[in-house]
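Let's take a walk through this one together, from model confidence to the core and then the cysteines.

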Amino acid sequence: MVVYALLGFLRPAILFFLLPFYIKVFTEAEYGLFNLMVDFGMFTMIVITFRLNNAMLTFYYNYMDDRSEQRHYLRNIFTFSIVLAFFIIGIAYYLGPYIFDLVYKSEEVLFFPYGFTVVVYAALSEINQTYYTYLKNKKEIIRYSFVVGTQMLSVIVLQLILIAGFSMGVQGGLIGMLLANILTTGIILLLERDIITLNLRKDMIWPSLKFTLVLIPYLVIYWLMTRGGRVFLERMTDLSTVALYAVLITFCGLIIMAVEAVINGIRPFLFEQFALKENSDKRKLYLMGNMMVNLPLLAIPVIVLVGTNISLITSKENYLNIPEYTTYACFVVFLLVYARMFYQQLLYAKKSDNVTFLSLITVIVLVIGFYYFIPLYQVWGLLHATLIANVLLAILFYISGTKYQKVEYSHKNILVIPVVVFLLLFGIEFLVTSLGYSLSFFGIIQFFIVVPLIIFSNWNNILAYKDLFMTKQKHVAKS
C-alpha cells in the first residue's frame, strides 16, 4: 500500500517539483499558457476513452475467482480504449481549432501545435492507466513500480532536455510529456505481448462503458473544481493572472495529490472490506477513513511555508502576491478531500447515476459562482466560488454515500482535528500580521506549531496503520 500511495503522489507531483524550473524558464504568460494546456489535457482524459480505465477499479473484482477472466478483462479494456482514442483524436484534429477559438480569449492559446500534442498525450495516458490499475489490483508492486517509475523519470528528463537544452519553450514541455507516455506504452506492449486482442467481448466492454459514461459529469465537475477555474480566469482576466493562480494552485494541489495517493494506495484494501459487507474489519475501515483526511492534512503547513516564502523561489513581481492567498486557498482545496472520501462509497456501490445527479447540481452552483465572483474579485472570487461548491459536494456525497455503503467515521479525526488546524492557522496569521510581521514570518512560525500538532493528534492512528497494513504487506510478500 505504501508503494502505491507514494507513486500515486509522486506522479502528479512532478509539476510541483519542477515548479522552480518552470518559473525560471517561462515568462508569466508562457507559464499561464502551459498550465492551460495541462488543464486541457486533464479534461481530454475524461472524454478521450470515456475514462474506461475507471471500470478496472471495480469490475476487476467481479472476476476475483478467475484469473483467466481477469486477464481477458484487461485485454478487452486496454484494446477498446485504443479504439476509442483513435476515434476521438480524429474528431479533435478537425474540431479542435474551432473549440479553442470558442473557449479561450488569448491569441497565444493555439490548438496546433499545443492542443493536438496534448490530445495525443492524454490518449496514451488513459490507455496506460488501464494497465496501472490492473497491476495495483493484482498487487504486483515490482512491475507497477518499474512501469510508473519509468514514466515519471522520463517526463522529468525529457522536459529538462527539450525546454532547457533545445529552448523549445511551452511546446517542449508538452512534447516531453507525450514522449514519456509513448515510451511507457512501448514498455507495456513489450511486457504484455498479448495485451491487444481482436476478440472483443460485449459482456465485458458494454457494462464497463455504461458504468463510466454516467460518471463523466462527476469527472467534469471534479475537473472544474480543481482545474477548470483557470479557463474562466483566462476569459475574464489575462494570462499573467492565470499564471499567478496556477502557481498558487500548484502548491495547494499537493493536498489533492496527497488524498489521491492515499486513496489509490488503500482502494484495493478498502474495496475488499466493502466486499466483505458484515464480515468487514470495522477497525480497518475506521483507520482508512482517518488516513484519507489526516495524511493530506500534513501537506497544509508545508504548502503555507512554501507559498508565503515564494520570494525565495522567484523575484518576478507577479508571483509575490501569492502569500496573501495561500492559507485561504489551502482551506478551500482541503474541503475537496471530504468529497473524494465519500465518493469512494458511491464508486464501489456503482451508484454512478447518483454521482451524476449530485455533480450536476454542484457544477451549476460552481459556474454561477465563477460568473458572479471572478469579475468582482478575480483570484479571490475564484476561490470563493470553489469554496461554496466544495462544501456543497461534500455534503451531498456524504448523505448519498452513507445511504448505499455505510462506514463508521471518527468525528474527532475527520472533523475536529482539521477544524482545529485551520482555526490555528488563521489565528496565527491574523496575530502575526496584526503585530506588523510579514507573511513570510507567519509561514515559518506556523510550520513549527502545526506539524507537531497534526502528528501528535494522529500518533495512535500512525501506530495502528503500521500494525494493520505493514504487517499484512510483509506477510503477502513472504507468501
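Here is what to look at, starting with how far to trust the model.

This is a predicted model, in which local features need pLDDT of at least 70, side-chain atom pairs count only at pLDDT 80 or more, and totals for chains, interfaces and linings use all residues. Residues are numbered from 1 along each chain as its sequence is written, and side-chain values use heavy atoms, with hydrogens and water left out.

The protein chain has a mean pLDDT (the predictor's confidence in each residue, from 0 to 100) of 90, and 96% of its residues reach 70 or more. Residues 472–479 are another story: their pLDDT is below 50, and beyond near neighbours in sequence the stretch has six contacts in the model, a contact being heavy atoms within 4.5 Å. Where pLDDT is low, the predicted coordinates should not be read in detail.

Now for the inside. The largest nonpolar core (buried Ala, Val, Leu, Ile, Met, Phe, Trp, Tyr and Cys residues joined through side-chain atoms within 4.5 Å) has 166 residues, and Tyr 31, Met 37 and Phe 397 have the most contacts inside it. Helix α11, residues 239–276, gives the most to this core, with 23 residues. Leaving aside residues up to four places away in sequence, Phe 397 touches several residues, including Tyr 218, Phe 342, Tyr 343 and Leu 346.

And the cysteines? With a disulfide taken as a pair of cysteine sulfur atoms within 2.5 Å, the count is zero. Cys 252 is in no disulfide; its nearest cysteine sulfur belongs to Cys 330, 4.0 Å away, and that is too far for a bond. Cys 252 is buried (under 20% relative accessible area, with a 1.4 Å probe and protein chains only), at 0%, and Cys 330 is also buried at 0%.

Definitions and conventions: Buried < 20%, exposed > 50% of the residue type's maximum accessible area, 1.4 Å probe, protein only. Helix = DSSP H or I, 4+ residues; strand = E, 2+ residues; numbered from the N terminus.
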